[in-house]
Structure formats: C-alpha cells, structure tokens
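Q: Could you take a close look at one loop and the strands around it? I'd like one connected walk through its side chains and neighbours.

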Amino acid sequence: MLLSAALSIPASSQTTSREPDPKSVPVVDGGIGACSADFTVTDAAGAPVYAAKIKVHIAYRFGSFHKLDLELSTNADGKARLTGLPNRVKRGLTFQASEGDRTGEASVDPATTCNANLTIALKKESQ
C-alpha cells in the first residue's frame with residue numbers, strides 16, 4: 001500500500017530544470033588564497049559583452065610548481081568574478097578574455113591589489 005502511494009507522485013514535482021539567470025554574476029573559486037578579481041568585459045564602444053570567456057593560468061607556491069587553470073564566462077552585463085586567488089605569485093596574474101574574434105587582457109599583482117576590479121575591453125584581432 002505504501003509503495004503505490006510513493007509511485008503516484010508526479011515526476012514533475014520531483015525535479016524541475018531551471019534556465020540559468022543571465023543577470024546572476026558567474027563565480028569560480030580557485031580555492032588557493034583569499035584574493036579575488038571582479039571583471040567587467042566590454043566591446044570597443046563600452047557595451048557589456050555576454051558570454052565572453054575569461055581565462056587565467058596560475059603558477060603558485062615554492063618554485064611555482066603548483067599550477068591551476070581557471071575559466072569562466074560573463075553574464076548579460078559583462079560581469080564575472082574569480083575568488084580564492086593566491087596573494088603571492090611570481091609574475092602577477094594575466095587574465096585573457098575573448099569572444100568570437102575579439103580579445104583583450106588585464107594584469108594584476110595580487111600582492112599589491114588583492115581584491116581587484118578589472119575592466120577588459122575586447123578588440124578585434126589584427127590579421
């Protein structure tokens with residue numbers, strides 16, 4: 001009797017798939033420190049770029065033997081956030097952004113700017 005009651009629950013009430021909110025800011029946690037970087041990615045005219053990819057390669061700790069590659073995409077407002085970044089790296093961090101044939105980059109030294117606010121303007125790659 002109890003088994004038949006459990007089977008009669010509609011499948012739609014058990015799981016619901018929701019579309020991601022294009023306005024929520026994507027966040028990726030590197031898990032290797034207390035620093036962060038907030039990004040705004042724009043086009044050459046200053047308009048926000050949706051779904052721009054931001055990548056960073058991090059070499060950290062003694063001898064830079066530990067390595068971490070992170071990647072995330074921007075929301076509809078061109079915003080994204082990386083947390084858990086190390087506060088000391090040998091050569092700073094360079095963030096590369098791209099969308100289609102447009103690219104841009106920004107650099108920061110977390111030892112001097114632990115919580116960075118960066119704007120990256122994308123430009124077409126020169127042929």
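**A loop and the strand after it**

A: T74 counts as buried because its relative accessibility is 3%; here buried means under 20% relative accessible area, exposed means over 50%, and partly exposed lies in between, with a 1.4 Å probe and protein chains only. Before going on: this is a predicted model, where local features need pLDDT of at least 70, side-chain atom pairs count only at pLDDT 80 or more, and totals for chains, interfaces and linings use all residues. Residues are numbered from 1 along each chain as its sequence is written, and side-chain values use heavy atoms, with hydrogens and water left out.

So where does T74 sit? You'll find T74 in the loop between β4 (66-73) and β5 (79-85). Strands are DSSP runs of E with at least two residues, helices are runs of H or I with at least four, and both are numbered from the N terminus. The T74 side chain makes two polar contacts, one to the backbone nitrogen of A51 at 3.1 Å and one to the backbone nitrogen of A52 at 3.0 Å. A polar contact is a pair of N or O atoms within 3.5 Å; within protein, one must be able to donate a hydrogen and the other to accept it, and residues adjacent in sequence count only if both atoms are side-chain atoms. Leaving aside residues up to four places away in sequence, T74 also touches, among others, P26, V41, I54 and A80, where contact means heavy atoms within 4.5 Å.

A51 deserves a look of its own. A51 lies in the loop between β2 and β3 and counts as partly exposed, because its relative accessibility is 35%. Its phi is near 65°, a positive value in a residue other than glycine. Most residues other than glycine have a negative phi.

Next door, N75 is in that β4-β5 loop too, and N75 is buried, with a relative accessible area of 3%. Its side chain reaches the backbone nitrogen of D77 at 2.9 Å and the backbone oxygen of S24 at 3.5 Å. Beyond residues up to four places away in sequence, the contacts of N75 include P22, K23, V25 and Y50.

Now follow the chain into β5. Of its 7 residues, 5 are buried, so β5 is largely enclosed by the rest of the structure. Strand β1 (residues 27-29) pairs with β5 in the parallel sense over 3 bridges; pairing needs at least two DSSP bridges between the strands. Within that, V27 has R81 as its bridge partner. Strand β2 (residues 35-42) and β5 pair in the antiparallel sense over 5 bridges, with F39 partnered by A80.

T83 is in β5 as well, and it's buried at a relative accessible area of 17%. T83 and G30 are 53 residues apart in sequence, yet their C-alphas are 6.1 Å apart in space. The contacts of T83, not counting residues up to four places away in sequence, include V28, D29, G31 and C35.

On the other side of the loop, β4 belongs to an open sheet of 5 strands in the order β4-β3-β6-β7-β9, with antiparallel pairing. β4 and β9 (123-124) are the edge strands, each pairing on one side only. Further into the sheet, 4 bridges join β3 (residues 53-60) to β6 (residues 93-99), antiparallel again, and K55 stands opposite Q96 in β6.
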